[in-house]
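Please work through the exercises below with the structure open beside you. Each one sets a task and is followed by a solution in steps.

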Amino acid sequence: MDGELGAFLRSRREALRPEQVGLPTNGRRRTPGLRRAELAILAQVSVEYLTRLEQGRDTHPSPGILAALAEALRLDDADRRHLQQLASVEHRRELCAGGRPVVSRTVRPQVRTLLEALRDRPAYLLNRLGDVLAWNEPFDRLARPLGLLDDERPNLVWFLFADERAPEHFPDWADLADQQVADLHRLRGGDPATDAFAERLGRTVGEPFRSRWQRRPVAVQPSGVGWLRHPAVGPLRLSYETLELPDDQQRLVVQQPADAESATALDRLLGRRPGGLRSVAS
């Protein structure tokens with residue numbers, strides 16, 4: 001489904017309570033969020049124009065309109081950046097109308113070589129659906145005991161939501177789930193394959209995925225630190241860096257230990273001598 005810009009605006013309008021913008025809350029409301037007419041007044045646009053935006057019938061509002069809507073919706077910096085990105089994507093989609101993007105499952109030889117060169121850091125390659133297309137030996141040792149690589153065509157998003165082991169392995173499961181759903185939205189680009197994937201996953205796992213898909217969380221930064229509870233070596237605190245490969249519509253993720261204890265545990269898991277891996281904090 002196209003119209004991500006309108007859907008994002010609608011999701012933020014429905015999440016904003018009237019009292020947050022100084023409006024009275026008396027009277028019955030079908031939903032707790034702002035009415036479309038209320039947002040139109042706050043942003044000083046017509047209800048008709050706001051309706052066209054939310055329904056995807058107008059996909060390139062002016063910078064002034066975007067700024068007024070962002071202010072009226074009380075968007076934070078991350079949401080404002082995402083709104084600007086969506087407006088740009090919708091405009092490019094109009095200019096390039098006709099072709100539908102194809103989900104990439106081909107790994108270029110140069111990318112495979114790069115993965116193999118990362119001999120002491122877990123690294124893996126994702127497409128925009130979260131399919132794990134390729135990975136190196138350290139990631140195999142890290143992820144296989146979790147069950148992530150059990151399927152013939154492993155998918156990180158599907159494992160995270162549909163496998164009952166995932167919340168046990170990932171103490172930051174809720175944050176990681178938000179991030180994966182945000183990336184699905186960010187990278188979908190009008191692709192029906194993403195919507196079909198989301199529909200299948202929603203039917204399979206229900207509310208934990210569907211509520212996030214409708215809420216449209218905004219993606220976090222491409223680097224950070226997360227916890228992993230590993231069945232073989234215990235807790236691991238791992239940092240990650242994400243390299244976007246826009247021509248391939250893929251992401252290369254590289255992990256490394258974030259503290260000395262995690263470095264020692266990862267050494268043990270990878271069969272290396274103690275101290276073979278240095279933590280990023282050292």
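The accessible surface of the chain comes to about 14800 Å², and 50% of that area belongs to carbon and sulfur atoms; the areas are obtained by the Shrake-Rupley method with a 1.4 Å probe, and for residues only the protein chains shown count as cover. The model is predicted, with local features requiring pLDDT of at least 70 and side-chain atom pairs counting only at pLDDT 80 or more, while totals for chains, interfaces and linings use all residues. Residues are numbered from 1 along each chain as its sequence is written, and side-chain values use heavy atoms, with hydrogens and water left out.

**Exercise 1. Describe the chain as a whole: how many helices and strands are there, and what percentage of the residues count as buried?**

Step 1. The chain has 13 helices and five strands, where helices (H or I, at least four residues) and strands (E, at least two) are DSSP runs numbered from the N terminus.

Step 2. Of its 282 residues, 47% count as buried, a term for under 20% relative accessible area, with exposed meaning over 50% and partly exposed in between (1.4 Å probe, protein chains only).

Step 3. Among contacts (heavy atoms within 4.5 Å) with a separation of 6 or more, 54% come from residues 24 or more positions apart.

**Exercise 2. Identify the residues of the largest nonpolar core that touch the most other members, and the helix that gives the most to this core.**

Step 1. A nonpolar core is a set of buried Ala, Val, Leu, Ile, Met, Phe, Trp, Tyr and Cys residues joined through side-chain atoms within 4.5 Å.

Step 2. The largest core has 37 residues, of which Phe139, Leu142, Phe161, Phe170, Phe209 and Leu236 touch the most other members.

Step 3. The elements that each supply at least two residues of this core include β1 (123-127), α7 (137-143) and α13 (260-270), but α8 gives the most, with five residues.

Step 4. A second, separate core of 23 residues includes Leu53, Leu73, Leu83 and Ala87.

**Exercise 3. Classify the ring pair of Phe161 and Trp173, and place it in the chain.**

Step 1. A pair of aromatic rings is described by the distance of the centres and the angle of the planes.

Step 2. Rings of Phe, Tyr and Trp (its six-membered ring) pair if their centres lie within 6.5 Å, and planes under 30 degrees apart count as stacked, over 60 as edge-to-face and the rest as tilted. By this rule there are five aromatic pairs.

Step 3. The centres of the Phe161 and Trp173 rings are 5.6 Å apart and their planes stand at 75°, so this pair is edge-to-face. It links Phe161 in helix α8 (residues 156-162) to Trp173 in helix α10 (residues 173-187), twelve residues apart.

Step 4. Phe161 is buried at 10% relative accessibility, and Trp173 is buried as well, at 17%. Ring pairs join Phe161, Trp173, Phe209 and Trp213 into a cluster.

**Exercise 4. Trace the strand pairing on both sides of Tyr240.**

Step 1. Two strands pair if DSSP finds at least two bridges between them; strand β3 (residues 223-230) and β4 run antiparallel and are joined by eight bridges, with Gly224 as the residue whose bridge partner in β4 is Tyr240.

Step 2. β4 also pairs with strand β5 (residues 250-257) in the antiparallel sense over eight bridges, and there the partner of Tyr240 is Gln255.

Step 3. A hairpin through three residues joins β3 to β4, whereas the hairpin of β4 and β5 has four residues between the strands, with Gln249 in the turn at a positive phi of about 55°.
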